[in-house]
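Good morning, colleagues. Please take a moment to look at the sequence and the structure before I begin.

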Amino acid sequence: MSTKTPDHTFCPTCGLHGFFDERDADRALGQARTRRNRTADKQGSRRGMTRENRTFTCGEGLIHLTSQSRRSFVAMGVTA
């Protein structure tokens with residue numbers, strides 16, 4: 001089993017890691033969730049942990065991971 005990090009770049013607009021396609025973003029999302037779950041299991045609690053739970057596309061056309069819910073994202077007036 002390979003744990004190769006999906007190809008990404010640094011987004012100059014958002015200041016976040018940006019992924020070029022949906023498949024790489026989904027792989028990175030799965031890896032981030034797994035990493036957070038393992039850390040939480042070691043600590044014994046998920047209390048206070050932020051988890052990446054979805055992706056969004058920025059103005060540059062790159063796909064980013066976020067822990068923010070879609071509801072709060074839309075409430076801020078950002079369209080994605």
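Which residue takes a positive phi in the hairpin of β3 and β4? The residue is G61, with a phi near 90°, in a hairpin that has 5 residues between the strands. I should say at once that this is a predicted model.

Let me set that hairpin in its context. The protein has 80 residues, of which 25% count as buried. It contains 2 helices and 4 strands, and the pattern along the sequence is β-β-α-β-β-α. The accessible surface amounts to about 5800 Å², and carbon and sulfur atoms hold 49% of that. Among the contacts with a separation of 6 or more, 35% are between residues 24 or more positions apart.

I return to the two strands of the hairpin. Strand β3 covers residues 54-57 and pairs with β4 in the antiparallel sense, over 4 bridges. Within this pairing, R54 stands opposite T66 of β4.

Strand β4 itself spans residues 63-66, and L65 is part of it. Is L65 buried or exposed? The answer lies between the two: L65 is partly exposed because its relative accessible area is 22%, and the cut-off for buried is under 20%. Leaving aside neighbours within four places in sequence, the contacts of L65 include R54, T55 and F56, and residues 54-57 form strand β3. L65 also touches F19, A25, A28, L29 and E52. As for L29, 36 residues separate it from L65 in sequence, yet the two C-alpha atoms are 6.7 Å apart in space.

One of those contacts, E52, leads to the next topic. How many salt bridges does the structure hold? There is 1, and it joins the side chains of E52 and R36, at 3.1 Å from N to O. The pair links distant parts of the chain, 16 residues apart: E52 lies in the loop between α1 and β3, whereas R36 belongs to helix α1, residues 22-43. The two partners also fall into separate classes of exposure. E52 counts as buried because its relative accessible area is 17%, while R36, at 29%, is partly exposed.

I turn now to the cysteines. A disulfide is a covalent bond between the sulfur atoms of two cysteines. How many disulfides does a search of the whole structure find? The result is 0. For C11, the nearest cysteine sulfur is that of C58, 3.8 Å away, and C11 is in no disulfide. The cut-off for a disulfide is 2.5 Å between the sulfur atoms, so the 3.8 Å between C11 and C58 does not qualify. Both cysteines are buried: C11 has a relative accessible area of 0%, and C58 is at 11%.

My last residue is F20, which is found in the loop between β2, residues 17-19, and α1. Why does F20 count as exposed? It does so because its relative accessibility is 52%, and the cut-off for exposed is over 50%. F20 nevertheless has contacts beyond its sequence neighbours: apart from residues up to four places away, it touches D7, H8, T9 and L62. In addition, F20 and I63 are 43 residues apart in sequence, with their C-alpha atoms 6.5 Å apart in space.

That concludes my presentation. Thank you for your attention.

Key. Residues numbered from 1 in each chain as written. Predicted model: local features only at pLDDT ≥ 70, side-chain atom pairs only at ≥ 80, totals over all residues. Heavy atoms only, no water. Buried < 20%, exposed > 50% of the residue type's maximum accessible area, 1.4 Å probe, protein only. Contact = heavy atoms within 4.5 Å. Areas by Shrake-Rupley, 256 points an atom, 1.4 Å probe, with all protein chains shown as cover. Pairing = 2+ DSSP bridges. Salt bridge = Lys/Arg side-chain N within 4 Å of Asp/Glu carboxyl O.
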